[in-house]
Each structure stands twice: as structure tokens, then as C-alpha cells.
Amino acid sequence: METCAFCQKRRSLEESHIIPKAVGRAAKRRLLEEHPTFVTTSGERNVQDIDKLDLLCRECERLHAELGDDPFLRYLFHPFFGQPVGLSAQENSERLAFIKYGEWLRRFAASVSWRVIAAASKRGELSDEFGPADLRRIGRAKQVWKQYLNGRRDDVGPFHHYALPLHVVFEWELLDVQPSSYLNRFLGLSFHTAVKRVAGTLCTYVKMPRFIFIGKIHPTSATAIDVCPRIHADGTLRLDGWHTLPEALLRYLNEQAEWHSQAHDNPPEYFREKSKANAQRVLRKRTRDEIFDSDEIRLFAMDEELQRNWTKASPLGLQSASGSDQ
Ligand SMILES: [Zn+2]
């Protein structure tokens, strides 16, 4: 028996997923099918091992899953992740028109953000990285999100959430930093969670294939993060054309991409054998056209293009889910 991080009751705990189980399962199915060589958060683990730990009791696990997993999968995750990258403007607007916004989006964002703090706190990662003032702020945001999630308040106070559909970075200008040769593949395929100070803002950060969710902790006044699309009280998300990302966030994404690139290029021995077998199995099943049309090949080509063009002076931008064809 242990204490459940959400209801605080002594119960036997479930192995909880930081990224919701249903999202992890859906992504895993597709990633294993299409990207047999893909390695995720740690070079020691493959994509089947999405970060999890004993955190919640069965009841709270179910409560969190019911907050927004289904509509997130139906309206955002599958329509974007389940389609090839590099959609045309027309295809993008069709997908955006399909989204039925509602409070589920804010609940989903609050739930994953709360889980990131609860997990990092249980593992003792927070106290290594932050001083007393930041720990108090993180504790306060966690408390407010929890009160919102169990219905004791109907807003998230000053701790807003942001959601960014990560389409594809085509253009990149970061003074002295070359984009990782793995950037688009990282944005398109990988998982990563953290409590971090990004772009001068202490926040929770949840990266999944094609999406990032950010929970703002401090300062609660406007910061560089506010150029990202914010989830409004009614659960809507205003996505219009291109959105810019704070340079510091792009830098952070780039570092993560580079790290993943190294993990991908140097997999542990057991995984090398396994991924070779997976790759052969997938290749046998597919026609030549299917292989060339796969996400992995498309994303690889986009990374090549990014590498070729990065020195050109171009606006710092990310093509949003509603983006244009430029
Ligand atoms: Zn519980």
C-alpha cells in the first residue's frame, strides 16, 4: 500500500503513464508499425516504454483518463498524427474544422501537466533542480490544477495552459545554432516530459508526437511563452496560420532533438538486433510506394532540407496545424 498522489488515500497503486495510456498505446501501435528503428526518451529503452511509475490508485487513474483522453485522441491526435506530415493548407483546415472544442482540452492539459509535476516530485527530481521559492510555486500550480480537476474550482487561476500542434519546422534561424539533423523527426515522433524553465518561464512541458502542452507556473504575467496558442476557459485554441515560438523554446527543442538523434544513432546492442528484425518485417509488408510515402522518409527528407537551408536568413517560424503551403 502506498499513498495515491491524487486522492492521498493509502491504496495499491497502478502503474501510471505520465503521457496518458490511451495516447501512448495509439502512438506505440503506429510508431512500431512505421518506425521500427525509432528510439524514444532514453537510449536504453525503445518506444514501447513510455515513461510510467506507480503514482495513482485505480480510481484516480480512471478519473484522469476520463477527463479528456478520448476527445484528445479523436479530435487532435489521430487526425494529425494519423496522417502523413506535410499536409497542404486545404488538408489542414479540413482537420481543424473537424475539432470539437470543449472544456475537455483544458482538462486534458491540466491533467498531463499535473502528472508531470507529481511524477517528478515522486522521483525527487524537483528538489535537485529548484530552490525553495520555485518549489513553492510548483506546489501551488499543482494544487490549483488538482482543485480544477476534481471540480473544487472552475478555473486554473493564473496557471494557464498552451497547446502547440507541431507540424514541421521548415525555416530556422538561430544565429549560432545549427538545427539538429533530427529536428523534424523529433517533433513528429517522440515523447518527452519535464518541469523546466524555458524562455524565462517556469513551466511543465509535455512533448508527444505532433503536440506540445505547456503549463505556465511562474511568472504568471505575460512572458515569451505567451506567443504560443493558449487554451481558453471554454477549451478553445486559436490557431491561425503560422505561429512563432520563443527562441528559447526552439533552442530547447533543438537540444532535445540532438539528444534523441544520438540515442537513435547509437542504440544499445539488444535494441539494434530487435529494430533490425522489426525493420525487415515492416519492409517485407510494404510496397515501394508505401515506404517512400511513410512519415519516417518524409521527416528524414524535411530534415535534409532544413540542413540545406538553415544559413539562409528566414523568419523564425513553425508551420502550425492550420498553416499555409509556403
Ligand atoms: Zn487515488
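**Entry 1: Phe-130**

I began by asking how enclosed Phe-130 is, bearing in mind that this is a predicted model. I found 17 C-beta neighbours inside 10 Å of Phe-130, so this residue counts as partly exposed; a buried residue would need 20 or more.

Next I looked up where Phe-130 sits. Phe-130 belongs to the loop that links helix 5 (125-129) with helix 6 (132-149). Leaving aside residues up to four places away in sequence, I noted that Phe-130 touches Leu-135 and Ile-138. I also checked Val-195, which is 65 residues from Phe-130 along the chain; their C-alpha atoms are 9.8 Å apart.

**Entry 2: strand 8**

Val-195 led me on to the strands. Strand 7 covers residues 192-198 and runs antiparallel to strand 8, with seven bridges joining the two. I picked out one bridge: Arg-197 has Leu-202 of strand 8 as its partner. The two strands make a hairpin with two residues between them, and Ala-199 in that turn has a positive phi of about 50 degrees.

Then I turned to the other neighbour. Strand 9 (residues 211-218) also pairs with strand 8 in the antiparallel sense, over seven bridges. Here Thr-204 stands opposite Gly-215 of strand 9. This hairpin has two residues between its strands, and Arg-210 takes a positive phi near 75 degrees.

How many residues of strand 8 are buried? My lookup gave eight of the eight in 201-208, so strand 8 is largely enclosed by the rest of the structure.

I wanted to see which way those residues point. In a regular strand, side chains alternate between the two faces of the sheet. In strand 8, Thr-201, Cys-203, Tyr-205 and Lys-207 point one way, while Leu-202, Thr-204, Val-206 and Met-208 point the other way. Residues on both sides are buried.

**Entry 3: helix 11**

My last stop was helix 11, residues 295-309. I tried a quick length check: at 1.5 Å a residue, its 15 residues should span 21 Å, and the end C-alpha atoms are indeed 21 Å apart, so the two agree.

Which residues of helix 11 are buried? I listed Asp-295, Leu-299, Met-302, Asp-303 and Leu-306. Looking down the axis of helix 11, I saw that its buried residues fall within an arc of 100 degrees, so they line one face of the helix. On the other side of helix 11 I found Glu-304 and Arg-308, which are exposed.

Technical notes: Residues are numbered from 1 along each chain as its sequence is written. This is a predicted model: local features need pLDDT of at least 70, side-chain atom pairs count only at pLDDT 80 or more; totals for chains, interfaces and linings use all residues. Helices (H or I, at least four residues) and strands (E, at least two) are DSSP runs, numbered from the N terminus. A residue is buried if 20 or more other C-beta atoms lie within 10 Å of its own, exposed if 12 or fewer, and partly exposed in between; C-beta atoms are placed from the backbone. Two residues are in contact if their C-beta atoms, placed from the backbone, lie within 7 Å. Two strands pair if DSSP finds at least two bridges between them. The expected span of a helix is 1.5 Å times one less than its number of residues. The arc is that of the directions from the helix axis to the C-beta atoms.
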